[in-house]
Amino acid sequence: MTKETLLYRPGIRYAECENISAGTVDSAVTAAGGSSRYVTAIIIGKKVMKQLRKRITAVGLSLAMVLAFMPVFGGVSYADDQDQMAYEAFQGESLTVNVNAAYAFDKMTGNGGLLESEDAVVAMKNEQGETVQTATADGDGNAKFTDLQLGDYTLEVSAYGENPLDNHFVTPYATVKVTEPKEVTGTIKVAVRNFAAADQFDVVPQRIRVSSKAAENYGDMGDREAGNGDKITVADVLYTLHAQKYGNAFSKTSAKDYLVIGTGGWITKCFSVTTNNQVYFVNNDLSMAGSAYHTTLKDGDRYDHFMNRNGWNDVATCFNEDEITVNMGESFKLNLKRVNWNGKTEALKSAKNAEIIAAKMDKNGRLTRISGVKMDNKGTVSLSLNETGIFEISATGKAEGEYGDGKIVAPHCTVTVVDPLAGVKSVKTVTLNAKTISAGTVEKAVASAGGSSPFVTTFVIGKKVRKINKGAFNKYGNVTTLEVKSKKLKKKAVRGSLKGSAVTTVKVKVGGKKMNRKYVKKYRKIFTGKNAGKKVKVIR
């Protein structure tokens with residue numbers, strides 16, 4: 001049994017009692033501060049209702065007996081989950097509540113039955129007791145309130161249609177707290193393909209910061225009414241994109257000149273173009289396309305939007321990579337995939353004369369075709385870019401879609417082209433001083449010196465070196481000289497070490513002139529074409 005403030009004061013509510021008897025009724029009346037003289041109705045709690053549903057006849061009779069102790073009794077009502085429910089909602093949103101069926105007993109006959117909640121009128125009252133909205137329940141008992149405003153409210157069922165026991169029901173009620181939505185922000189990668197041109201974007205691929213309040217800032221409360229006021233929706237993304245593209249010209253009063261999201265969240269105008277042929281997908285999932293108010297995104301998601309140029313036969317596509325980084329001049333491959341309406345991607349069955357287009361976009365988002373580069377019929381293409389910067393790779397042409405051949409739309413991959421030598425020191429000489437020189441020790445020494453293979457021309461073989469492995473210098477095509485300071489090299493220790501290298505000269509620098517002459521004679525015998533794998537000059 002819980003004690004509570006009753007909105008309809010003559011009512012007594014059983015919230016937790018599992019068994020009703022004359023004693024529990026007396027206790028409830030006393031706990032509520034009431035008297036049998038004034039009580040006209042009792043609300044049966046949830047636990048009792050479960051019993052009523054199982055044993056309607058038996059419980060009905062026992063209740064009739066119990067209620068004989070209350071001569072002024074008029075009826076009993078039950079308000080299932082809506083009874084003293086506490087709702088929270090955001091400003092501008094809608095709220096749907098369910099008025100469940102009530103169970104009533106007639107005082108005179110003891111007969112009872114479930115009453116339909118259809119046409120029940122629910123009043124929303126503010127803290128001053130004033131009714132600010134009313135809603136009528138539909139056939140499922142659902143009553144909807146719209147455009148909620150900040151504040152604390154109570155919901156009261158004020159009528160049950162034409163039921164003759166209307167005046168005998170305690171009002172089931174709920175509390176509603178309406179607050180300002182929490183602002184959520186996220187960085188979304190976006191791209192909007194121009195509907196009229198395959199080689200142009202209305203919004204070039206980029207990352208933008210989107211707020212969950214973006215649509216509301218322009219007077220569009222659709223996502224709040226859909227219950228997504230505290231989430232980033234497609235509507236929020238579109239309003240952000242339009243504000244970015246049109247600046248001050250896109251305002252609360254002029255927004256509909258550029259963007260219209262109709263009833264249900266369907267986009268009918270975008271970037272000043274009125275057309276219903278608008279499609280979007282989130283993270284390459286075309287099945288997400290639908291209501292701009294109901295599709296939500298989170299930080300890091302990708303949003304693609306395009307307007308069909310060839311009716312609904314256009315083939316939505318994506319590359320197997322979203323973003324990649326490659327070296328200038330380096331070859332790389334991309335594969336074009338088809339995005340289906342069921343949300344799955346699959347290999348293209350046929351890509352017919354598809355062309356690759358790529359560019360550092362100009363201010364109008366226009367791309368440039370790459371001359372002579374075509375995909376194979378499975379959508380694979382091999383590319384190399386000989387200029388540093390950020391490029392958008394896309395494609396145009398036809399492909400086989402779910403409903404026959406159509407134009408390729410929407411694919412893009414951001415390719416960052418870097419110079420692998422940028423910032424690298426032009427180190428010409430690197431010292432190698434490990435006991436054994438291998439390809440790995442050479443690479444580490446070059447990196448430690450801050451150098452790169454295109455610049456190094458000389459390796460110094462340090463005093464500690466005892467052995468040089470085969471292929472140690474093969475990756476360094478500009479190294480033509482070995483300057484040897486070690487006295488510890490033997491014939492077997494350099495066998496095959498120069499084979500495949502670019503080395504042409506071995507300079508002996510082990511000490512003074514006399515010592516160098518001595519070791520020149522010695523090293524000429526071991527750095528031979530037969531032993532070292534390549535004929536070289538050995539000098540001091």
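Arg 224 is buried in this predicted model, with a relative accessibility of 5%. Its side chain meets that of Glu 180 in a salt bridge, with 3.7 Å from N to O. The two residues come from distant parts of the chain, 44 residues apart. Arg 224 lies in helix α4 (residues 222-225), while Glu 180 sits in the loop between β12 (173-179) and β13. Glu 180 counts as partly exposed, because its relative accessibility of 38% falls between the 20% and 50% limits. So this bridge has a buried partner, Arg 224, and a partly exposed one, Glu 180.

The pair does not stand alone. Glu 180, Lys 213, Glu 216 and Arg 224 are linked in a network of salt bridges. Side chains of opposite charge can pair when their charged atoms come close. The structure holds twelve salt bridges. Two others also show how burial can differ between partners. Asp 230 and Lys 231 meet through their side chains at 3.6 Å, N to O. Asp 230 is buried, at 18% relative accessible area. Lys 231 is partly exposed, at 35%. Then there is the salt bridge of Asp 301 and Lys 298, at 3.4 Å from N to O. Asp 301 is buried, with a relative accessibility of 7%. Lys 298 is exposed, with 55%.

Go back to Glu 180 and follow the chain into β13. Strand β13 covers residues 185-193. It is mostly covered: seven of its nine residues are buried. What does β13 pair with? Strand β14 (residues 201-211) is one partner, running antiparallel and joined to β13 by eight bridges. Arg 193 has Phe 201 in β14 as its bridge partner. Strand β21 (residues 302-307) is another partner. Here the strands run parallel, and five bridges join them. Ala 191 stands opposite Asp 304 in β21.

Next comes a set of three strands. They form an open sheet in the order β16-β17-β18, with antiparallel pairing. Strands β16 (260-261) and β18 (273-274) are the edges, each pairing on one side only. Strand β17 (residues 267-270) pairs with β18 over two bridges, in the antiparallel sense. Cys 270 has Val 273 in β18 as its bridge partner.

The loop between β17 and β18 holds Ser 272. Most residues other than glycine have a negative phi. Ser 272 departs from this: its phi is positive, about 75 degrees, although it is not a glycine. Ser 272 is partly exposed, with a relative accessible area of 38%. Asn 283 is another such case. Its phi is near 55 degrees, a positive value in a residue other than glycine. Asn 283 lies in the loop between β19 (278-282) and β20 (296-297). Asn 283 is partly exposed, with a relative accessible area of 38%.

Further along the chain, turn to β34, which spans residues 458-461. In a regular strand the side chains alternate between the two faces of the sheet. Which way do the side chains of β34 point? Thr 458 and Val 460 point one way, and Phe 459 and Ile 461 point the other way. All of these residues are buried.

Strand β34 has parallel partners. Strand β32 (residues 429-432) pairs with β34 in the parallel sense over four bridges. Strand β36 also pairs with β34 in the parallel sense, over four bridges. Val 460 can be followed in both pairings. Thr 431 stands opposite Val 460. Val 460 also stands opposite Glu 483 in β36.

The tour ends at the surface. After β36 (481-484) comes a loop that leads to β37 (505-508), and Lys 490 is found there. Is Lys 490 buried or exposed? Lys 490 is exposed, because its relative accessible area is 58% and the limit is over 50%. Lys 490 belongs to a patch of positive charge on the surface. The other members are Lys 435, Lys 463, Lys 464, Arg 466, Lys 485, Lys 487, Lys 488, Lys 518 and Lys 522. The patch takes in residues with over 30% relative accessible area and no salt bridge, so Lys 490 fits at 58%.

Definitions and conventions:
Residues numbered from 1 in each chain as written. Predicted model: local features only at pLDDT ≥ 70, side-chain atom pairs only at ≥ 80, totals over all residues. Heavy atoms only, no water. Patch = residues over 30% accessible without salt bridge, like charges linked within 9 Å, V, L, I, M, F, W, Y side chains within 5 Å. Areas by Shrake-Rupley, 256 points an atom, 1.4 Å probe, with all protein chains shown as cover. Salt bridge = Lys/Arg side-chain N within 4 Å of Asp/Glu carboxyl O. Lys, Arg positive; Asp, Glu negative; His and termini not counted. Charge placed at Lys NZ, Arg CZ, Asp CG, Glu CD. Buried < 20%, exposed > 50% of the residue type's maximum accessible area, 1.4 Å probe, protein only. Pairing = 2+ DSSP bridges.
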